[in-house]
Amino acid sequence: MHDVLVVMPEGGQVGFYGNWWNHAAGGPPAWETFHLDELRPLLERHYGAGTRRAVAGLSMGGFGAVSYAARRPDLVRAAASYSGPVHLLHPDADA
């Protein structure tokens, strides 16, 4: 038996897993802040989540998993993208 917690947060209809401006409609969407700075500590406090983390996603979720891992490498040990847009040939190119 393995102790595993699977969490599948959403990134919105056009989330692209970042903090961007939304035409001032109720404040910034801030998906990255929610997922990494608010949801993560909640999962650790109330659901027994540990510090050994991996992220993965399908399509836009794959983009989010790899983007988060690239921007915050201290948070995850592994990342996977299943048919998400990833540019491996030019790592210095803007996404």
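Visitor: In this predicted model, how many residues of each class, nonpolar, polar and charged, does the lining of the largest pocket have?

Guide: The largest pocket of this predicted model has a volume of about 1000 Å³, and 31 residues line that pocket. Sorted by class, the lining consists of 19 nonpolar, seven polar and five charged residues.

Visitor: Which element supplies the largest share of the lining of the largest pocket?

Guide: Helix α1 (31–47), strand β1 (54–58) and helix α2 each contribute at least two residues to the lining of the largest pocket. Among the lining residues, Leu5, Val7, Arg53, Ala54 and Val55 are the ones that lie nearest the centre of the pocket. The largest share, which amounts to seven residues, is supplied by α1.

Visitor: What is the volume of the largest cavity?

Guide: Rolling a probe the size of a water molecule over the atoms reveals where empty space remains. The structure contains one cavity of 30 Å³ or more, and its lining is formed by Leu36, Val55, Tyr68, Ala69, Arg72, Leu75 and Val76. By class, that lining has six nonpolar residues, no polar residues and one charged residue. The volume of the largest cavity is about 30 Å³.

Visitor: Is serine 67 buried or exposed?

Guide: Serine 67 is part of helix α2, which runs over residues 60–71, and its side chain reaches the backbone oxygen of phenylalanine 63 at 2.8 Å. A residue is counted as buried when its relative accessible area is under 20%. Because the relative accessibility of serine 67 is 10%, this residue counts as buried.

Technical notes
Residues are numbered from 1 along each chain as its sequence is written. This is a predicted model: local features need pLDDT of at least 70, side-chain atom pairs count only at pLDDT 80 or more; totals for chains, interfaces and linings use all residues. Side-chain values use heavy atoms; hydrogens and water are left out. Helices (H or I, at least four residues) and strands (E, at least two) are DSSP runs, numbered from the N terminus. Buried means under 20% relative accessible area, exposed over 50%, partly exposed in between (1.4 Å probe, protein chains only). A polar contact is a pair of N or O atoms within 3.5 Å; within protein, one must be able to donate a hydrogen and the other to accept it, and residues adjacent in sequence count only if both atoms are side-chain atoms. On a 1 Å grid over the protein atoms alone, a cavity is a set of points where a 1.4 Å probe fits but cannot get out, and a pocket is an open set with protein on both sides within 12 Å along at least five of seven lines; lining residues have an atom within 4 Å of a point. Grid points are joined across faces, edges and corners, and a volume is the space filled by probe spheres set on the points. Ala, Val, Leu, Ile, Met, Phe, Trp, Tyr, Cys and Pro count as nonpolar, Asp, Glu, Lys and Arg as charged, and the others, Gly among them, as polar.
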